[in-house]
Amino acid sequence: MTDNTHRSHPAIVKRLKRAQGHLAAVLSMFEAHRSCVDLAQQLHAVESAISSAKRELIHDHIEHCLTDTAAGGAHDSLTELKQLAKYL
């Protein structure tokens with residue numbers, strides 16, 4: 001794997017593609033004038049899927065990249081962790 005590609009990335013991409021398809025279905029629901037309750041429920045599902053993918057990406061990065069960097073004594077890992085924390 002390259003420096004910016006992790007083993008978890010294919011699973012995250014798969015999850016995001018599923019969310020993308022689900023979002024397209026939600027757009028169709030809007031065009032079909034579905035109820036606001038149905039729309040809100042489906043948008044919540046899309047939001048949850050994306051949030052879950054983001055969380056997995058960040059946790060994987062912390063576990064693999066920052067741990068390795070910190071083990072080498074690099075100060076950059078703390079700076080990067082602070083940058084990632086704003087996205088949690």
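Which residues does histidine 9 touch, not counting residues up to four places away in sequence? In this predicted model, the answer is Asn4 and Leu57. Histidine 9 sits in helix H1, and it counts as buried because its relative accessibility is 19%, with the cut-off for buried set at under 20%.

Stepping back, the protein is built from 3 helices and 0 strands, so to speak an α-α-α run when read from the N terminus. Of its 88 residues, 19% are buried. The accessible surface amounts to about 6,600 Å², and carbon and sulfur atoms account for 58% of that. As for how the chain meets itself, take the contacts between residues at least 6 apart in sequence: 52% of these join residues at least 24 apart.

Helix H1 deserves a look of its own. It covers residues 9-31, which makes 23 residues, and it spans 33 Å from its first C-alpha to its last, close to the 33 Å expected at 1.5 Å a residue. Histidine 9 has company among the buried residues of H1: Ile12, Ala19, Val26 and Met29 are buried as well. In general, an α-helix has 3.6 residues a turn, so residues three or four places apart point the same way.

H1 also contributes to the surface. Leu23, Leu27, Phe30 and Leu43 together form a nonpolar patch there, with about 350 Å² of accessible area between them. Helix H1 supplies the largest share of this patch, 3 residues. One of the patch members, leucine 23, is found in H1 and counts as partly exposed because its relative accessibility is 35%, which falls between the 20% limit for buried and the 50% limit for exposed.

Past the end of H1 comes a small oddity in the backbone. H1 is followed by histidine 33, with a positive phi near 60 degrees. Most residues other than glycine have a negative phi, yet histidine 33 has a positive one although it is not a glycine. This residue lies in the loop between H1 and helix H2, the latter covering 36-71. Histidine 33 counts as exposed because its relative accessibility is 69%, whereas histidine 9, at 19%, counts as buried.

Methods
Residues are numbered from 1 along each chain as its sequence is written. This is a predicted model: local features need pLDDT of at least 70, side-chain atom pairs count only at pLDDT 80 or more; totals for chains, interfaces and linings use all residues. Side-chain values use heavy atoms; hydrogens and water are left out. Patches are made of residues with over 30% relative accessible area and no salt bridge: like charges are joined within 9 Å, nonpolar side chains (Val, Leu, Ile, Met, Phe, Trp, Tyr) within 5 Å. Accessible areas come from the Shrake-Rupley method with a 1.4 Å probe; for residues, only the protein chains shown count as cover. A salt bridge is a side-chain nitrogen of Lys or Arg within 4 Å of a carboxyl oxygen of Asp or Glu. Helices (H or I, at least four residues) and strands (E, at least two) are DSSP runs, numbered from the N terminus. Buried means under 20% relative accessible area, exposed over 50%, partly exposed in between (1.4 Å probe, protein chains only). Contact means heavy atoms within 4.5 Å. The expected span of a helix is 1.5 Å times one less than its number of residues.
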